[in-house]
Amino acid sequence: MAMAGPGRPVTKLPITDAERAELQARLRIRKAPEDEKLRIRIVLGCADGQSGTVIAERLHTTIQTVSKWRRRYTAYRMAGLTDAPRTGRPRTVNDEKVQTIVNKVRQSTPVDATHWSVRTMGRATGVSPATVQRIWHAFGLKPHLQETFKLSTDPYFVDKVRDVVGLYLAPPDRALVLCVDEKSQIQALNRTQPGLPLTFGQPATRTHDYQRHGTTSLFAALDIATGKVIGQLKRRHRSVEFLQFLKTIDATVPKDQEVHLIMDNYGTHKTEKVRAWFAQHPRYHVHFTPTSASWLNLVERFFGQISEKWIKRGTHTSVADLEQSIRHYIDTHNADPKPFVWHKSADTILASVARAATHLT
């Protein structure tokens, strides 16, 4: 009996490098709809030359579904991966208009502003602001937001990331791991007039102007295992003050434990006197975060928390008043501490940084 032929050869779905990057970026959006992610994975599989049967089995779907979204992407590209119109009121915005709005917000700016708003985009494309908002929401586009970043130029970036993250995810037995840093120049501010309290239908108010009464600096060491904080307030943040804080840490932690300190490359952490102190205290092991990577130090989470929950809305008539307030917050925090849990592995972080570097080159 004659054997069946090999069948029709698989034809790769042709896509450009820019289209592949766009699909992969969309796939990485955590809150993107799962059905849309399925369609993107189908398109990427077709672009890699996989057969419909292989793609359907891998993604737990049907060959018909694979064929459908391949055709839709071929006809309409990215806009074709949105849902087709359903029964009821007919669509007023077709796929080509959706693609125009998406391309325009990503590739251009209005003549009189640095970024698009739903109203300026609506006027430019002839649709309502509500329609623009729905399209942007569907594609995860937020032109009103801008995040800051800075790629580290540290030549030992990879080694330092693996070292610090390794301490977070697998801390050494019978040893303390402390994240150390300073929150400098905390201002003692007092509003020029009293504000109105929170009431029904009305938020609390405060004046826009304030009186400055000086600054203080908070030296903090966060125990990653318990979430407790060793804190010390100083009016200055020189090497002298940092050395005094190291002595405070040494007087606070158990004498028979090894101590791993995670801290940044700030100059006061590397002076000769500080190096000499560490040489005289061999149970301390210092782990530096990479340059321009303060986000890798967990104590920054505590600094963000105390700023948002306590300092930002506080009013203080003097530096002493501010310092007393901060000590009260640290005591309250330590009475019921909660550790900050690190989730990302070193490989995940390095892959994310590599993607950012690729997009910038």
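Contact is taken here to mean heavy atoms within 4.5 Å. The structure is a predicted model, in which local features need pLDDT of at least 70, side-chain atom pairs count only at pLDDT 80 or more, and totals for chains, interfaces and linings use all residues. Residues are numbered from 1 along each chain as its sequence is written, and side-chain values use heavy atoms, with hydrogens and water left out.

In helix α5 (residues 95-107), Lys-97, Ile-101, Lys-104 and Val-105 meet Met-121, Ala-124 and Thr-125 of α6. By class, this contact has four nonpolar, one polar and two charged residues (Ala, Val, Leu, Ile, Met, Phe, Trp, Tyr, Cys and Pro count as nonpolar, Asp, Glu, Lys and Arg as charged, and the others, Gly among them, as polar). Helix α6 spans residues 118-125, and the two helices pack at an angle of about 130 degrees with their axes 11 Å apart. The helices are therefore oblique to each other, a term for angles that are not under 35 degrees, over 145 or from 65 to 115.

The largest nonpolar core has 34 residues; such a core is a set of buried Ala, Val, Leu, Ile, Met, Phe, Trp, Tyr and Cys residues joined through side-chain atoms within 4.5 Å, buried meaning under 20% relative accessible area (1.4 Å probe, protein chains only). Helix α8 gives the most to this core, with six residues. Ile-326, among the residues with the most contacts inside the core, touches Ile-186, Thr-216, Leu-218, Leu-233, Ile-306, Trp-310 and Ile-311, not counting residues up to four places away in sequence. A second, separate core of 31 residues includes Leu-44, Ala-56, Val-102 and Val-105.

Terms used: Axes are lines fitted to C-alpha atoms, for helices over the stretch in contact, and angles run from 0 to 180 degrees between N-to-C directions. Helices (H or I, at least four residues) and strands (E, at least two) are DSSP runs, numbered from the N terminus. Buried means under 20% relative accessible area, exposed over 50%, partly exposed in between (1.4 Å probe, protein chains only).
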